[in-house]
Amino acid sequence: MKITLKGGNSQVLEKGQTVGAALKACGLSVGSDVLAAKVNGVVVDLSRPLTEDAVVEPVRFDSAEGREVYRHSSTHIMAQAVKEVFPTAQVTIGPALEDSFFYDFAFERPFTPEDLEKIEARVREIIKRNLPVTRKELSKQEAIQFFQSRGEAYKVELIQGFPEHEPISAYSQGEFVDLCRGPHLPATGHVGAFKLLTTAGAYWRGDERNPMLQRIYGTSFPTQAELDAYLARLEEIKRRDHRKVGKELDLITIQDEIGPGLVLWHPKGALVRLLIENFWREQHIKDGYDLVYSPHIARLDLWKTSGHVDYYRENMFAPMKLEGSEYQLKPMNCPYHIMIYKSHLRSYRDLPIRYGELGTVYRYERTGVLHGLLRVRGFTQDDAHLFCRPDQIQDEVSRVLDFTFFVLKSFGFVDFEIFLSTRPEKSVGSDDKWVLATDSLEGALKSRGIAFHLDEGGGAFYGPKIDIKIKDALGRSWQCSTIQVDFNNPERFELSYIGEDGKSHQPIMIHRALMGSIERFFGILVEHYGGAFPTWLAPVQAVVMAITDNQREYVNTVVAQLKAAGFRADADLRNEKIGFKIREAEKAKVPYMLVAGDREVQSGTLSVRGRSGANLGNMTGAAVIDLLRNDVTRAQPELQPTH
RNA sequence: GCUGGCGUAGCUCAAUGGCAGAGCAGCGGUUUUGUAAACCGCAGGUUGGAGGUUCAAUUCCUCUCGCCAGCUCCA
């Protein structure tokens, strides 16, 4: 058989040689960094025998596939350790995650931190034993018998769900045998640095009616340095947590007395929010939206017409009775915008119509899902509804895409991931409509040269959608923006417009949100910047500090000058040393610190210190204003919506 | 909603059945200060809430509210 190393030379080998041997024969030095191999594009164990011509390629930790193999073997080692330390624990499933892995065990009690220490010690020992990992294939019957004999009821249940006549693979390392598709590392000694992270409860097969299993999370890396870097990143995520930073910077609180998931915006947080909202409104008006307002409650009948009572009830606050009819706190803005549309007879000439609103909605979220600002019960959507003719969908969506990227970039997000979700199994609307809408969305993405992932069947029941995920400074993705075509509401509310032909037609409706929820977006912004907002969003842009009481008057004059120029500046005239004032301003993440002592008063300047200690030298008040002005305009991208 | 952990001063955290404590912040004073913490003093509490066990509960038990980590959910 002819074996070719991808991008390298070929060798003719006898059948039955292992993949590892083949890689070597092709001239590759196979060290412990080679974890597995791709044979004709499929990742397999190095110990797999080859039987026919193939292109082979080493898999290392630097690829997603390599990391998966590495973490998967790591979780097997952890499972082996748990079985050795706690023989009564039953194994269930244990997959690799992006940066880590977990394994779920059926055990009579939760694992304690002391248990984890014991398990981790045993893991190190198993790594040291350097047990070879071997694969064997069993028939379904053999597999069931084998795992039954070992008392692994969950494995048996899994196998029973497998197809009848396909062989089932199991991997063993020493005494430990696990049902597993593989592939795996050649031996346990290939794992370098290992750490158990946390424990958690998790339902068997993710179903809350099933027994609760004990999940252990862990991670592993080839070197201690890589593990340390990962742990440092986790620390950084903790440091930037918007709940912590929000409290430290006095931006927002969520208080028990007010209620869970309900946010109080303190003056500084409210100011940042105001700046976000002002920007949002200005840009929407520029981009051809009509801004509207709608009330927080409406008759329950409206929500019956919209279908929310039928399909969304469990996420709605209970209705309240008033004057013999029921009213509902709004979970969505769309019905109101629809009613504004319906308040006139519309002509095809009026379309598209774009109604935008920073609309506050209330949703009853189950207590367990609430999470700081990222998941709340009362929040403001940057919502808009576009009503257009079917032939306008693509242009409208292209326009929204341009606008979305413009807005997101303005807030400092530059990495995006785009998903196009198509028709799910349960859906409303004719085939024609779905095809037209889906083609229009795809056409819009293509017209802008935007790469996207296809999420087949991931659309809403009422229409296809485009979701945009942003990546923050720590590389985490967040879904904020969504553009959804809706065939359902125009139908339910019997929307119409008079076409060129003088007949009545149904408009297409598009829901879209750019930031999603202001609360959530604000939380993400706080974490993205670690509280150090860019100057245009900073609640306090500059603090002018007096060294001694001698400069009080001078400082006040400078502050007045900055304020007159439209900047947010405070004076710090307290009886404190300059080091203390600097420290406080640094902790408050103020972008500019302007120090005035006798020298500055003499020369009519300020000693300018940037956030995080940058010494920007001495400048006049006018020069400081230029500096701030530059900084503020630089943060707003030169780019404009391109349509 | 489920599993586990947690809840003490404005904040961060001590005290494990026996008088509730520290640092920071706050207030008063001293100090007039040069780029991330000057010094002295004062005040600050229904230990999340309700009930129970006990001579005695922050500590043990029950219920409840909230938070945290997950699970589930997110038409």
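1. A polar contact here is a pair of N or O atoms within 3.5 Å. By that cut-off, R243 makes one with RNA strand B: an N or O atom of the R243 side chain is 2.9 Å from a phosphate oxygen of the strand. The model is predicted, and every value below should be read with that in mind.

2. The bases of RNA strand B are also reached. R583 places a polar side-chain atom 2.8 Å from a base nitrogen of the strand. R599 uses its backbone instead, with an N or O atom 3.3 Å from a base oxygen.

3. In total, 44 residues surround RNA strand B, and Y203, T367, N575, E600 and S607 are the closest. By type, the residues of this surface are 16 nonpolar, twelve polar and 16 charged. Sugar or phosphate accounts for 47% of the RNA atoms within 4 Å of the protein, and bases for the rest.

4. Which element supplies the largest share of the surface near RNA strand B? It is α17, with six residues. Other elements that give at least two residues each include β11 (193-203), β12 (212-221), α7 (242-248) and α18 (598-603).

5. Away from the RNA description, the largest nonpolar core has 83 residues, and L401, F411, I466, F522 and L562 have the most contacts inside it. Helix α12 (residues 393-410) is its main contributor, with nine residues. Another core, of 35 residues, lies apart from it and includes V59, F86, L131 and I216.

6. I466 deserves its own entry. Beyond its neighbours within four places in sequence, I466 is in contact with residues including V397, L401, I418, F419, L441 and I483.

Key:
Residues numbered from 1 in each chain as written. Chains lettered and ligands numbered in written order. Predicted model: local features only at pLDDT ≥ 70, side-chain atom pairs only at ≥ 80, totals over all residues. Heavy atoms only, no water. Near = heavy atom within 4 Å. Polar contact = N/O pair within 3.5 Å; in protein donor to acceptor, adjacent residues only side chain to side chain. Helix = DSSP H or I, 4+ residues; strand = E, 2+ residues; numbered from the N terminus. Nonpolar A, V, L, I, M, F, W, Y, C, P; charged D, E, K, R; others polar. Core = buried A, V, L, I, M, F, W, Y, C linked by side-chain atoms within 4.5 Å. Buried < 20%, exposed > 50% of the residue type's maximum accessible area, 1.4 Å probe, protein only. Contact = heavy atoms within 4.5 Å.
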